Amino acid sequence: MQKFIWSEKYEMGITHLDSQHQYMFGLANEIVRLVNKGANTRELTEVIESLVEYVQLHFDAEERAMEKCGYPGLDEHRQQHVDLTQKLFRLGLGQPSTSQALELTKLVIHWMQHHIMDSDMDFGMFIKDRSNTS
Ligand SMILES: [Fe+2]
């Protein structure tokens, strides 16, 4: 399986959140690397746990940033985070097989590509507009 390529188009202009997104891509690529080299379940489980944990940490950070500046789309955005979290826990619990690990990785990456380009960008624009008018 091919690694996922990070691109500047995913940057929303909020440095710490952009770095977190990039780090999540990195963890997903680490899972791809392990799958490609035929890693065992224990190795895969470790990285999957790190990814799932990091996703939670990132969602918290993003929601805190939204709360802090009174972003009106927070509730809807939080719901999208909850939806992915539930899916991840369903797939990643226990000791996932190689195919489950790949499914989880693809889910995270595809979800992120859409979520960042659509929902996170909207927040980025909100922050930009706010700093232009203040
Ligand atoms: Fe988000």
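Q: How do you know that the length of H4 agrees with what a helix of 36 residues should span?
A: Happily, this one is simple arithmetic. The expected span is 1.5 Å times one less than the number of residues, so H4 should span 52 Å, and its end C-alpha atoms are 50 Å apart, which agrees. Helices here are DSSP runs of H or I with at least four residues, strands are runs of E with at least two, and both are numbered from the N terminus. Please keep in mind that this is a predicted model, where local features need pLDDT of at least 70, side-chain atom pairs count only at pLDDT 80 or more, and totals for chains, interfaces and linings use all residues. Residues are numbered from 1 along each chain as its sequence is written.

Q: What makes Ile116 the site of a bend in H4?
A: The bend is the angle between axes fitted to the seven residues ending at a residue and the seven starting there. At Ile116 that angle is about 45°.

Q: Why is Ile116 called buried?
A: A residue is buried if 20 or more other C-beta atoms, placed from the backbone, lie within 10 Å of its own; 12 or fewer makes it exposed, and anything in between partly exposed. Ile116 is listed among the buried residues of H4, along with Met112 and Asp120. What covers the buried residues of H4 includes H1, H2 and helix H3 (74–92).

Q: What makes the largest nonpolar core a core?
A: The term is for buried Ala, Val, Leu, Ile, Met, Phe, Trp, Tyr and Cys residues joined through C-beta atoms within 7 Å. The largest such set has 17 residues, and Met24, Ala28, Ile31, Ile48, Leu51 and Val108 have the most contacts inside it. Helices H1 (15–36), H2 (41–68) and H4 (98–133) each give two or more residues, with the largest share, six residues, coming from H4.

Q: Which residues is Ile31 in contact with, leaving aside its neighbours within four places in sequence?
A: Contact requires C-beta atoms, placed from the backbone, within 7 Å. On that basis Ile31 touches Leu44, Val47, Ile48, Leu51, Ala101 and Thr105.

Q: Why is the protein chain called as compact as a globular protein of its length?
A: The chain has four helices and zero strands. Its radius of gyration is 16 Å, close to the 14 Å that the globule rule gives for 134 residues, so the description fits. The radius is taken over C-alpha atoms, and the rule is 2.2 Å times the number of residues to the power 0.38.

Q: What is the predictor's confidence in the protein chain?
A: The mean pLDDT (confidence in each residue, from 0 to 100) is 91, and 99% of residues reach 70 or more.

How values were computed: Contact = placed C-beta atoms within 7 Å.
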